[in-house]
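Q: Please take a close look at one part of this model, the cysteine link and the strands around it. I would like one connected account with the cut-offs given.

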Amino acid sequence: QVQLVESGGGLVQPGGSLTLSCTASGTIFGAHAMKWYRQAPGKERELVAIINNNGRTYKADSVKGRFTISRDDGENTMYLQMTRLKPEDTAVYYCNLAKYGSDFSVIEESWGQGTQVTVSS
């Protein structure tokens, strides 16, 4: 099981910026996707962004134009660069890794421990 470690959360004012990191315990091979989720207290977990092994990305409409997902394979790390943060971005952010088989089924999935992002003045 791949271990994921998240970092970079904290308190930031509205309009500010923050970058989250998610580092895997080793190099990830084959078809896979790394994702950022977030969850606020009392709310459902929300998918924020995805980046796959080919570098293709997806972002939720709520963060398009403000957040950027990227990866550095040499460092086994995924990043979420967040700008123009809003109070509604406040949540615990979790990174996720899913490995896929040839039939596109998930054959392994890992989660980070979560990092708190608070956007408040």
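A: With 65° about the S-S bond, the link between C22 and C95 has a right-handed twist. This is a predicted model, in which local features need pLDDT of at least 70, side-chain atom pairs count only at pLDDT 80 or more, and totals for chains, interfaces and linings use all residues. Residues are numbered from 1 along each chain as its sequence is written, and side-chain values use heavy atoms, with hydrogens and water left out.

C22 lies in strand 3 (residues 18–24) and C95 in strand 9 (residues 91–100), so the disulfide ties together parts that are 73 residues apart in sequence. Strands (E, at least two residues) are DSSP runs, numbered from the N terminus. The sulfur atoms of C22 and C95 are 2.1 Å apart; a disulfide is defined as a pair of cysteine sulfur atoms within 2.5 Å. A search of the whole structure finds one such link. In general, a disulfide is a covalent bond between the sulfur atoms of two cysteines. C22 and C95 are both buried, where buried means under 20% relative accessible area, exposed over 50%, and partly exposed in between (1.4 Å probe, protein chains only).

On the C22 side, five of the seven residues of strand 3 are buried, so this strand is largely enclosed by the rest of the structure. Strand 3 pairs in the antiparallel sense with strand 1 (residues 4–7) over four bridges; two strands count as paired if DSSP finds at least two bridges between them. In that pairing V5 stands opposite T23. Strand 3 also pairs in the antiparallel sense with strand 8 (residues 77–82), over six bridges, and there L20 is opposite L80. T19, also in strand 3, is partly exposed at 39% relative accessibility. Not counting residues up to four places away in sequence, T19 touches S7, G8, Y79, L80 and Q81, contact meaning heavy atoms within 4.5 Å.

On the C95 side, strand 9 runs antiparallel to strand 10, joined to it by five bridges. The hairpin of strand 9 and strand 10 has five residues between the strands, and F104 takes a positive phi near 75° in it. N96 stands opposite W111 in strand 10.

W111 leads to the ring pair. Rings of Phe, Tyr and Trp (its six-membered ring) pair if their centres lie within 6.5 Å; planes under 30 degrees apart count as stacked, over 60 as edge-to-face and the rest as tilted. The count by this rule is one aromatic pair. The rings of Y37 and W111 have centres 5.1 Å apart and planes at 45°, so the pair is tilted. Y37 is in strand 4 (residues 32–39) and W111 in strand 10 (residues 106–111), 74 residues apart. Y37 is buried at 13% relative accessible area, whereas W111 is partly exposed at 32%. R45 lies over the face of Y37, 4.9 Å from the ring centre; the rule for a charge over a ring is NZ of Lys or CZ of Arg within 6 Å of the ring centre and within 35 degrees of the ring normal.
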